Structures are given as C-alpha cells and as structure tokens.
Amino acid sequence: MTMLPEGVLRDAEPLDAPWDGVGEDTARQVKLQVRPIDDATFALRQSSRVSTEAPIGYLICGTRRALLLDTGDAKSAVECPLRETVDVLLHDWADGRGLPDPTLVVAHTHGHYDHVKGDSQFVDRPDTTIVAKDVDAVHRFFGLSGTVGATTEFDLGGRTLIVMATPGHDARSITTVDPTSGVMFSGDTAYPGRLYIDDLAAAKTSLAAMVELADTHGVHTVLGAHIENDTHGGDYPVRTRFHRDEAPLPLTVAQLRTLRDDVIRTTGKGVHRGDPMTLYVGNAPLPMLKLLIRGAVWRLTGRG
Ligand SMILES: [Zn+2]
C-alpha cells in the first residue's frame with residue numbers, strides 16, 4: 001500500500017464512528033480523513049481545522065473510470081492534499097486488481113464553495129475531466145434533462161450509478177445512487193444538520209423523488225456532505241473549530257422520508273425545526289446572524 005501524504009489519516013472505522021478530523025484534541029493533526037465505505041468507495045472528510053464546514057466528499061471507483069464527488073474547501077495541496085490522496089487511493093485500488101489506473105471524473109454534489117474549491121488541484125491531472133459547476137454544464141455532462149427528479153445512468157465500468165437532478169438547496173444539486181451497495185450520496189440535501197433551501201418548490205419535488213429513488217434501488221444508507229448535529233439534540237453553529245459528540249454521518253431511508261415529509265409540510269420562509277434536519281427556508285438573514293453569533297460565542301468560550 002502506497003503511503004498517503006502527511007496529515008492524511010486513513011482509518012477502517014464504520015461510517016457511524018466518531019471522526020478524528022473534528023475532535024477537540026485530534027483535529028489539529030489531521031488535514032483529511034479517509035474512511036472506506038466498501039472496497040471500491042471512500043469517504044474523504046476535510047478536518048474542521050482546514051475548513052470549519054468539515055465537508056465530506058466521496059471517491060467511487062470503477063474499472064474504467066472513477067468519480068470524485070466534491071473537492072472540498074481547500075484550494076492548495078499544502079492546506080489539504082486531496083489530489084495526491086486520490087492518486088494514491090486510485091492507484092492502489094487498480095493495482096490490487098491488476099488494472100491500469102482508471103480515468104477520473106471530478107464532479108460536485110452542488111456548486112457551493114465548500115464543495116468545489118479543491119478543483120484547482122486537479123486542473124493539470126492527466127486523464128481527468130472536471131465538470132464545470134454551472135447547472136447547464138452539470139446536466140449536459142451527465143445527460144440530465146432540466147426536469148427536477150430527472151435521472152440518468154453513469155457507467156464507471158463494472159458499476160453503474162444513477163444520477164438524479166435534485167435542486168432545492170442549490171439549482172446545481174445532484175443525488176447519486178450506487179444500486180450495488182445500496183448507498184445514496186445526497187450532498188447538502190440530506191445529512192444530519194441544517195437544510196438551507198433556496199427553492200422550496202424544487203426541494204419538495206426533489207425530496208419526494210429521492211425517496212422514490214431510494215425505494216426503487218434498495219438504498220439503505222444515505223450519505224451527505226456535512227455533520228452539524230450532535231448526539232444530544234443540538235447543533236454546531238457555523239464556523240466552529242471542532243465538534244463534540246457528533247451525530248453519526250449516515251441517515252436511514254426512514255430519516256429521509258421524515259425529511260421529505262417535513263419539507264413537504266413547510267409553507268413559508270424562516271426556520272423550521274426538524275429531525276434529522278432543521279430547515280432554513282429562503283433568505284433568512286436573522287437566523288443566519290444568530291448562527292454566526294452563536295458560533296462566535298462558542299469559539300470565544302472554547303466550546304467549539
Ligand atoms: Zn456544504
């Protein structure tokens with residue numbers, strides 16, 4: 001096994017185990033944490049000291065090509081050596097199967113800064129396609145029609161993913177399902193935390209379509225791009241440097257259903273408490289200000 005770059009922690013913990021990359025005493029030593037989902041899929045989480053968003057990306061390997069969903073919140077390899085990590089993971093994976101290295105597609109669950117900043121590390125990488133982040137480019141690349149909930153197949157070689165257009169949080173949002181492993185990659189649309197909804201009508205249709213997609217393809221695990229809830233019913237305000245007692249990353253399909261029902265029931269702007277997600281609908285400057293102030297207090301008092 002090739003060595004991963006300095007600051008990259010590879011563990012073999014289950015997905016619901018605590019993450020060193022957000023620990024009060026451990027986050028400082030970690031830039032990126034790699035955790036296997038199965039023998040051909042990896043979760044890649046940036047440490048909360050690299051980005052207080054601590055976003056989670058995914059590398060999904062196939063015999064012909066691999067898909068990297070999200071590049072995180074760090075431009076430079078010094079801050080977070082994502083590219084080198086992906087190179088090592090892909091090479092080791094292919095080598096172990098006697099295959100040449102697959103080509104790489106770099107795409108995004110959606111286009112917000114904390115999911116795309118690392119693209120720059122891949123610009124000069126050979127055999128690599130970076131999908132531009134605007135909605136037309138995303139839909140053109142995957143062959144998605146503009147319709148909310150439209151699906152398409154994406155063949156990696158020996159493994160075919162289903163990609164669905166799921167706007168609501170962001171017009172560019174997509175959801176990806178791996179039917180062979182029963183895993184759904186839901187980006188910022190479903191995770192233990194806050195769902196910021198930009199387009200409520202689109203979010204309702206998208207969540208309903210995601211539940212249907214999960215049911216059709218035997219999904220049992222929903223993996224999003226952040227963790228903002230703790231295990232005591234609270235949440236971490238924005239810009240906290242570590243997360244005490246984080247909620248487990250994976251959501252069940254039952255939780256996805258609850259989220260769908262919460263979103264469908266919602267009629268107006270503002271904050272709507274829910275579990276697994278609290279909804280922030282439309283432009284909500286006051287609640288956002290509250291989150292920022294809470295975050296500042298947490299940092300000052302050493303709580304986060
Ligand atoms: Zn995000």
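These notes cover the chain as a whole, one sheet, one helix and one loop residue.

1. Basis. This is a predicted model, in which local features need pLDDT of at least 70 and side-chain atom pairs count only at pLDDT 80 or more, while totals for chains, interfaces and linings use all residues. Residues are numbered from 1 along each chain as its sequence is written.

2. Overall form. The chain has 6 helices and 15 strands; these are DSSP runs numbered from the N terminus, with H or I over at least four residues for a helix and E over at least two for a strand. A compact globule of 304 residues would have a radius of gyration near 19 Å, and the chain agrees at 18 Å. That radius is taken over C-alpha atoms, and the globule rule is 2.2 Å times the number of residues to the power 0.38. Along the principal axes, the C-alpha atoms fill a box of roughly 55 × 45 × 30 Å.

3. Burial. Of the 304 residues, 48% count as buried, meaning that 20 or more other C-beta atoms, placed from the backbone, lie within 10 Å of the residue's own.

4. The sheet. An open sheet of 7 strands runs in the order 1-2-3-4-5-6-7, with mixed pairing; two strands pair if DSSP finds at least two bridges between them. Strand 1 (8-10) and strand 7 (128-130) are the edges, each pairing on one side only. Within the sheet, strand 5 (residues 65-69) and strand 6 (residues 103-107) pair in the parallel sense over 5 bridges. Arg65 has Thr103 in strand 6 as its bridge partner.

5. Helix 1. The 14 residues of helix 1 (residues 82-95) should span 20 Å at 1.5 Å a residue, and the end C-alpha atoms are indeed 20 Å apart. The expected span is 1.5 Å times one less than the number of residues. Its buried residues are Leu82, Arg83, Thr85, Val86, Leu89, Leu90 and Trp93. They cover an arc of only 160° around the axis, so they lie on the same side of helix 1; the arc is that of the directions from the helix axis to the C-beta atoms. These residues pack against strands including strand 2 (32-38), strand 3 (41-46) and strand 4 (56-61), where contact means C-beta atoms, placed from the backbone, within 7 Å.

6. His112. This residue is found in the loop between strand 6 and helix 2 (113-116). His112 is buried, because 22 other C-beta atoms lie within 10 Å. His112 and Leu279 are 167 residues apart in sequence and, C-alpha to C-alpha, 18 Å apart in space.

Definitions and conventions:
A residue is buried if 20 or more other C-beta atoms lie within 10 Å of its own, exposed if 12 or fewer, and partly exposed in between; C-beta atoms are placed from the backbone. Two residues are in contact if their C-beta atoms, placed from the backbone, lie within 7 Å.
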